[in-house]
Amino acid sequence: GARAARIRSARETFRSAAMDIDNFDPHIADPSSTVNMVLKKAKTNLGKRALMKKAPKLVETEGKMCVMLHGGKSSQVLKNLITDLSVLKKGECHKMTRKNDGIRPFEGGGETSLEFFAQKADAGAFVLGTHQKKRPDCLTVGRFFDYHLFDMVELLVRNYKPMDSFGSVGNGAVLGSKPCMVFLGDRFETEPALRMAKNVLMDIFRGKPATRINLKGVDRVIICTALEEAVMFRQCVIRYKKSGTRLPKVELEEMGPSFDFVVGRHQEPPPDVKKQAYAKAKIGKKVKNVEHDSLEGKVGRIYVEKQTGLEELAMMKMKGLKRERRQAAEEREAAMKAPKKSKTDDDDGEDSD
């Protein structure tokens, strides 16, 4: 009662909020976004920078915030599982503990509360736990685009083992760091539902985009193996040991959480929204014959036409060349002044012989 009234009043306040265009930089904010509204106008530069950071951007540089919550009915398995997943997403998730009766994302109008919570938490993904007789221990994972529901898929959880059951195995891993993810099996490429599950899970756990990777920083790996009857979700800690070479010996030890799941319902995004969401920002026009090399930097290629008439150019001559040319001219003059032997003299000589 009282909680529903507070949610309704918050929604009315949010809908009545005016769009503030002055707080957004057109070079950073996405002009095609339909949710460029704020609840309160920034009065200081610090507040303006906070609103600019929260605004949708053409190129996202931060990790995707994830909201984790429960539906109208949940189970203890889902509560423990969502708690473990929130530990894996430490620093990039907003975990809610109360039940939410009105959230039914696969039904028409049931995603309104979910989109409201996503906008409040500035989240781009969600994890929803619901427990029903037809779909027990159902974990729904999905993504938002422009704070509207984009796509989602149901994971029916089985054989769950919490992180506490593995003891202190995971002490060597820094929870909340960027994990390595491995997907094994052809089903991830052939079945649309599993392809979507792979895409959503990678988007949730990938963390911030990294340009360089330190080998010591990769301390855990998430392995999803697609079998014929189910998909196994395992997380292992990576231990580096001496191998006698420059590359260390790698060993994996399971740290949890561990569970199997079967894919249930899934919802593809609309084609027009998908095209808009997958659009890449235009960095600039490509300059012809210009390349960027990691060692030499910016490298250009220049085309020059064939040069003609170089033989007729008056070039500076060295003194040594002048001396040689002068000696050659004198030798030619001496040869011309010398008397030539006539043919008659040659013939007389031959007769006398």
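Student: Which residues are buried in H3?

Tutor: This model is predicted: local features need pLDDT of at least 70 and side-chain atom pairs count only at pLDDT 80 or more, while totals for chains, interfaces and linings use all residues. Residues are numbered from 1 along each chain as its sequence is written, and side-chain values use heavy atoms, leaving out hydrogens and water. Helices (H or I, at least four residues) and strands (E, at least two) are DSSP runs numbered from the N terminus; buried means under 20% relative accessible area, exposed over 50%, and partly exposed in between (1.4 Å probe, protein chains only). In H3, the buried residues are Leu78, Leu81, Ile82, Asp84, Leu85, Ser86 and Leu88.

Student: How far does H3 reach from its first C-alpha to its last?

Tutor: H3 covers residues 76-88, 13 residues in total. The expected span of a helix is 1.5 Å times one less than its number of residues, and for H3 that is 18 Å. The reach in the model is close to this, at 19 Å.

Student: How many helices and strands does the protein have?

Tutor: The protein has 353 residues, and 33% of them are buried. Contact means heavy atoms within 4.5 Å. Among contacts with a separation of 6 or more, 65% join residues 24 or more positions apart. The count is nine helices and 12 strands.

Student: Which helix gives the largest share of the largest nonpolar core?

Tutor: A nonpolar core is a set of buried Ala, Val, Leu, Ile, Met, Phe, Trp, Tyr and Cys residues joined through side-chain atoms within 4.5 Å. The largest has 31 residues, and Leu85, Val127, Leu139, Ile204 and Cys224 touch the most other members. Seven of the core residues come from one helix, residues 192-205, and that helix is H6.

Student: How many residues are in the second core?

Tutor: The second core is separate, and its members include Val67, Met96, Ile103 and Ala123. In soluble globular proteins, nonpolar side chains tend to be buried together. The size of this second core is 15 residues.

Student: Which residues does valine 200 contact, leaving aside neighbours within four places in sequence?

Tutor: Valine 200 lies in H6. Its relative accessible area is 0%, so it is buried. The C-alpha of valine 200 is 7.1 Å from that of arginine 143, 57 residues away along the chain. The contacts of valine 200 are Val141, Gly142, Arg143 and Asp151.

Student: How many disulfides does a search of the whole structure find?

Tutor: A disulfide is a pair of cysteine sulfur atoms within 2.5 Å. Cysteine 66 is in none, as the nearest cysteine sulfur, that of cysteine 93, is 6.9 Å away. Cysteine 66 is buried because its relative accessibility is 1%. The whole search finds zero.

Student: Is the ring pair of phenylalanine 150 and tyrosine 278 stacked, edge-to-face or tilted?

Tutor: Rings of Phe, Tyr and Trp (its six-membered ring) pair if their centres lie within 6.5 Å; planes under 30 degrees apart are stacked, over 60 edge-to-face, and the rest tilted. By this rule there are eight aromatic pairs. Phenylalanine 150 and tyrosine 278 have ring centres 6.3 Å apart and planes at 55°, so this pair is tilted.

Student: How far apart in sequence are the parts that this pair ties together?

Tutor: Phenylalanine 150 is buried at 4% relative accessibility, whereas tyrosine 278 is partly exposed at 45%. Phenylalanine 150 lies in strand E5 (residues 148-161), and tyrosine 278 in the loop between helix H7 (271-277) and strand E11 (290-293). The pair therefore ties together parts whose separation in sequence is 128 residues.

Student: Which residues do ring pairs link into a cluster?

Tutor: One pair is phenylalanine 259 with phenylalanine 261; its centres are 6.2 Å apart and its planes at 45°, so it is tilted. Phenylalanine 259 is buried at 4%, and phenylalanine 261 is buried at 1%. The linked residues are Phe205, Phe233, Phe259 and Phe261.

Student: Which residue does a cis peptide bond join to glycine 256?

Tutor: Most residues other than glycine have a negative phi, and most peptide bonds are trans. Here omega is about 0°. The partner is found in the loop between strand E9 (249-254) and strand E10 (258-267). Glycine 256 is joined to proline 257.

Student: Is asparagine 159 buried or exposed?

Tutor: Asparagine 159 is found in E5. Its phi is near 50°, a positive value in a residue other than glycine. Its relative accessible area is 57%, so asparagine 159 is exposed.
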